[in-house]
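User: I should like to learn how to read a ligand site and a sheet in a model of this kind. Could you take me through both?

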Amino acid sequence: MNKPFILVVDDDPQVLAAVRRDLRSRYREQYTTLSASSGQQALETVRELKSRGDSLAMVISDQRMPGMPGHEVLAGIRDLYPLARRVLLTAYSDIDAAIKAINDAHIDHYLSKPWDPPEERLFPVIDELLDAWLAESLPEATGLRLVGHQWSARSHAIKEFLAGNLIPYRWLDADADPDARALLDAASVRLDELPVLFFEDGTMLRDLEPRRVAERLGRPLSASFDLYDLVIVGAGPAGLAAAVYGASEGLRTLMLDRHAPGGQAGTSSRIENYLGFPAGISGSELTRRGLAQAQRLGAESLAPLEVTRVAIDGGYKHLALADGRELVTRTLLAATGMTYREHPAPGIAEHAGAGVYYGAATTEGSAFRGRRVLVIGGGNSAGQGAMYLARYAADVQIVVRREDLRRTMSQYLIDQIGKTPNIRLRPCTELASVDGNGRVEHVGLKSLADGTHQVEDADAVFIFIGTQPRSDWLPGEVLRDGKGFVLTGTDLVAAESFTRVWKERRQPLMLESSVPGLFAAGDIRAGAMNRVASAAGEGSIVVRLVHQYLAMS
Ligand SMILES: Cc1cc2nc3c(=O)[nH]c(=O)nc-3n(C[C@H](O)[C@H](O)[C@H](O)COP(=O)(O)OP(=O)(O)OC[C@H]3O[C@@H](n4cnc5c(N)ncnc54)[C@H](O)[C@@H]3O)c2cc1C
């Protein structure tokens, strides 16, 4: 098997030689560096790599080249290698070209020339991008392989678990992939036993269930201590930020998640508005970085592990875990965010995981290459989902009840959607039914303008509609608003039953709930901003409040 490739594209022989020299000096062992002196030549090289089944990790292209500018080269390569990292090389004065490339070609980074010294200005960027590529891709035929049926809810659950926990794996559809059949025959696995996991050492795991998979992969699932200063429930942006600050400020900190780190943000294909990432960042990459940072600073992280109940005992909070064990902590952060509400249309529940997916565009997108898919919902998450699916599907329809997207989606996404020819908007329309034989085959759509019904062929429905808080695990003493979001700080003081439940002499701290020492941050909080940055900001602030609370108690 060949090493993965890095391709450098530049019409200036001196610049080309300099980039190649620097890259080879550092990455020679793991990557082969190729070069092309024009956009045309680059695309030919990439097509050849593809036809040979080689891996392409990164393309670095100069912007100013005769014939084909860099952003067009990078856009062209994206269709063939969607995961390859794309870097634009620009002159310092070319900031406009870089911005255009970010918007149109979705590049991952732009580098200004010159990049001397490379140790400071080139290698850190390339290291991060290659790490991100490695985390998302897996060289063919090595590593973990999941064999299952595409239209199976159990296979989908394991895919979600592996992707959510940033465990690279290769998916083999037993009904379509000849490699899958060969593996199953060799291991004498029947089709009704799927999904199964094959490990690099040749062993196999049946009866897949996220906890068993985590155990087999050597992931810790038990807490190291009996008592913590801070336990964080939920590892979305709020939880991850609290873990980073808690651990860095010397608190014995544990973070738990019922599914995987990342939360809703982890399912986002591209977060474009998080400070410091001008080219956007995928939710999985942001999670990978946040988790690594929290763990490096000493936070403990366990997933999948669900907290089912909390009992308050004086200053201590006792957490009941889904596996029957119990944990005790002096302070608790509820950072369990929100989840999508179930769509009520007939046929939806029966096809969950078999063509009906809740916000799972990044996990399932590539399985719908050349197919027809529907995105239900008009918010930013739906817009991002549609943009991601459009890389693979032939036809993406966004179904919304309103007349347009203006009031529900950010303008930058509306603009991107407008420029993507295989995305169509179906305004004033409602999903009325889903049906098919074991998988989604047809959808019923109702026009809200004239009440007419239409049945159309479709292969998948991705649902991004209304959300609800995940606060049912919290004790009754925690005051919530009418929808179940947790009241904190001044909102709490304003609540009718505040004086009945709050028995302290002091006022509640800013993000404190009606139970002293139990805080809430991020989307679970009443009045939350529903943004990655605000959730991460609140998660960081909580740690300061935890110190204050511990000093008072
Ligand atoms: C597809 C999509 C795209 C988005 N794009 C953007 C964007 O571009 N920019 C932006 O600013 N915002 C975006 N958002 C919104 C943003 O992701 C959320 O506001 C943010 O993730 C909220 O963070 P959080 O930590 O409060 O909760 P969440 O991210 O909801 O995380 C909560 C975590 O708690 C875990 N959990 C729940 N219950 C339990 C339990 N009982 N025990 C243990 N763990 C539990 C869940 O598994 C989950 O991992 C997007 C959201 C979605 C869905």
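Analyst: The ligand site is treated below, followed by a sheet. Please note that this is a predicted model.

User: How many residues surround the ligand, and which are the closest?

Analyst: The ligand is surrounded by 35 residues, the closest being Asp257, Gln264, Gln384, Asp523 and Val532. By class, this shell comprises 15 nonpolar, 14 polar and six charged residues.

User: Which polar side chains approach an oxygen atom of the ligand?

Analyst: A polar contact is a pair of N or O atoms within 3.5 Å. The side chain of aspartate 257 places an N or O atom 2.6 Å from a ligand oxygen, and for the side chain of glutamine 384 the distance is 2.7 Å. A polar backbone atom of arginine 531 lies 3.3 Å from an oxygen atom of the ligand. The protein covers 95% of the 1,000 Å² of accessible area that the ligand has on its own.

User: Which element gives the most to the shell?

Analyst: Helix H11 does, with three residues.

User: How should I read the order of strands in a sheet?

Analyst: Strands of a sheet pair through backbone hydrogen bonds, either parallel or antiparallel. Here, an open sheet of five strands runs E17-E24-E18-E19-E20 with parallel pairing. Strands E17 (356–358) and E20 (423–426) each have a single partner strand, so one side of each is left without a neighbour in the sheet.

User: Which helix packs on the sheet?

Analyst: Helix H14 does, touching E18, E19, E20 and E24. The direction of H14 makes about 170° with that of E18.

Technical notes: Residues numbered from 1 in each chain as written. Predicted model: local features only at pLDDT ≥ 70, side-chain atom pairs only at ≥ 80, totals over all residues. Heavy atoms only, no water. Near = heavy atom within 4 Å. Polar contact = N/O pair within 3.5 Å; in protein donor to acceptor, adjacent residues only side chain to side chain. Areas by Shrake-Rupley, 256 points an atom, 1.4 Å probe, with all protein chains shown as cover. Helix = DSSP H or I, 4+ residues; strand = E, 2+ residues; numbered from the N terminus. Nonpolar A, V, L, I, M, F, W, Y, C, P; charged D, E, K, R; others polar. Pairing = 2+ DSSP bridges. Contact = heavy atoms within 4.5 Å. Axes fitted to C-alpha atoms, helices over the stretch in contact; angles between N-to-C directions.
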